[in-house]
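Q: I'd like a close look at one part of this model, with the cut-offs spelled out as you go. Take your time and connect it to the rest where you can.

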Amino acid sequence: MRIVLVSPEYPGVTRAGGIGTVTSIVASALARRGHETQVITRGEPGSGRDGEVGVVAVRHRWVPNRVASELLARWRIAAAALALGPDIVQASEWKADAWWLARRHRVPVVTRLDTPTYLVELLNRGAVDPNSGLLRRMERDQTRSSASVIAPSAALAERVSADWSLGPDRVEVIPNPVDVARIREMAATAPTVELPARFVAFSGRMEPRKGVGVLATALPAILTAHPEVHVMMIGADPGVDAGRFMEGVQRDLARVRDRVHFVGELSRPQALAVVARAVIVALPSLWENFGYTCLEAMALGRAVVATHTGGLAGIVDDERSGWLVPPGDARGLAERLTSVLADTSLLERVGEGARRRAEDFDIEPITERLVDLYEQVIAAHGTRTRVRRRKRRQPYAAG
């Protein structure tokens, strides 16, 4: 097959969060199976290669009219994709980069749900961007117009299906794959940041939906009970609420601020190198579509304390590969972390369970499911195209 993956980000071209990471993993796996795989992403115009994967960057040209600018951006992506002659296109719903392609139906589009803009805004305490209305509509429209829709977790599939009226069985759940061997290889990198002897790690954007505020409320009690423990906070600060959110976090941490280290955004190998050396990883998200950071930590044999919500609940086996606490429960988070930090043998045993559980999400079997889905979608699209052509050839019959 000739496959095009459309992603708003991609490692080595732009900063790459979860969408870029998953796109890179899937693209490489598809190429290894012999499929001609290309990625279209945003960035300075040009073409290159990431191993066996072709990468095309498209720069969005600004025009004074915002609606025209957004439409032009999607048209340029569609033109770049169609020029590659794909059999199928897969794209994230976030930013609706395949909106034009999905609506035109010239090539079958599979939309992969990440976390739509409306849901991100809701989870970040309802902080709605007044300029995001068009984007929210385009994300929904692309998803509804797609030949197929997939989601990494049942929780995300159910939530978006209900909110966007997608209908029963419209979304197929295919978990995000992890390249376990590659994660462990990258984590072997020597950390460039100074690490305490014993520390808890957090990795994620510094925003409410990642549970940063909940963790900040819980940490004084945890660090008071364990005076030898520090905390490494890895992730970018997007400046939520004009920076006031992180100001509140810093106030909550005032008593233990000297033992909580904000290291900012790190490269993926560096972030993994830090996580691999943590005693435990805390991931108190208010909601997660999947939990890629959680799965990476588990692949490294780190026990996790995560929240019983969204995709996390489908990854962590409570008390076997980690522990689950209610989302938003700072007291429950503090009690659980305080308890397990006192039992080194328990952390080692659960960490080994985490390592084994992560292997259930290794890349090959999940890639095989994707390929099967693509083949079904391509076959169905070909049938619909032939039917449409026959209908156009039928002579008009006067009634």
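Which residues line the second largest cavity?

A: A quick word on the ground rules. This is a predicted model, where local features need pLDDT of at least 70 and side-chain atom pairs count only at pLDDT 80 or more, while totals for chains, interfaces and linings use all residues. Residues are numbered from 1 along each chain as its sequence is written, and side-chain values use heavy atoms, with hydrogens and water left out.

Now the lining itself: Val22, Val26, Gln90, Arg112, Ile150, Ala151, Pro152, Ile174, Pro175, Asn176, Pro177 and Leu370 surround the second largest cavity. A cavity here is a set of points, on a 1 Å grid over the protein atoms alone, where a 1.4 Å probe fits but cannot get out, and lining residues have an atom within 4 Å of a point. The space inside comes to about 70 Å³, taking volume as the space filled by probe spheres set on the points, with grid points joined across faces, edges and corners.

Sorted by class, that wall has nine nonpolar, two polar and one charged residues. The bins are simple: Ala, Val, Leu, Ile, Met, Phe, Trp, Tyr, Cys and Pro are nonpolar, Asp, Glu, Lys and Arg are charged, and the others, Gly among them, are polar. As for secondary structure, H1 and strand E7 (148–151) each put at least two residues into this lining. Those labels are DSSP runs numbered from the N terminus, helices being H or I with at least four residues and strands being E with at least two.

How does it sit alongside the other hole? The structure has two cavities of 30 Å³ or more, and the largest holds about 110 Å³ of space. Its lining is Leu5, Val6, Ser7, Ile19, Val22, Thr23, Val26, Gln90, Ala91, Ser92, Arg112 and Asp114. Val22, Val26, Gln90 and Arg112 turn up in both linings. Strand E1 (2–6), helix H1 (18–32) and strand E5 (88–92) each supply at least two residues to the lining of the largest cavity, and H1 gives the most, with four residues. The class split there is six nonpolar, four polar and two charged residues.

Moving on to charge pairs, the model has 24 salt bridges, each being a side-chain nitrogen of Lys or Arg within 4 Å of a carboxyl oxygen of Asp or Glu. One of them joins arginine 136 to glutamate 121, with the closest N and O atoms 3.3 Å apart. Arginine 136 is in helix H5 (residues 133–145) and glutamate 121 in helix H4 (residues 117–123), so this pair ties together parts 15 residues apart in sequence. Glutamate 121 is buried at 8% relative accessibility, whereas arginine 136 is partly exposed at 28%; buried means under 20% relative accessible area, exposed over 50%, and partly exposed in between, with a 1.4 Å probe and protein chains only.

Another pair stays within one helix: arginine 182 bridges to glutamate 185, with the closest N and O atoms 2.9 Å apart. Both are in helix H7 (residues 180–187), three residues apart, or about one turn of the helix. Arginine 182 is partly exposed at 38%, and glutamate 185 is exposed at 52%. There's also a network of salt bridges linking Arg32, Arg33 and Glu364.

Notes
1 Å grid on protein atoms, 1.4 Å probe; cavity = no way out; pocket = protein on both sides within 12 Å on 5 of 7 lines; lining within 4 Å.
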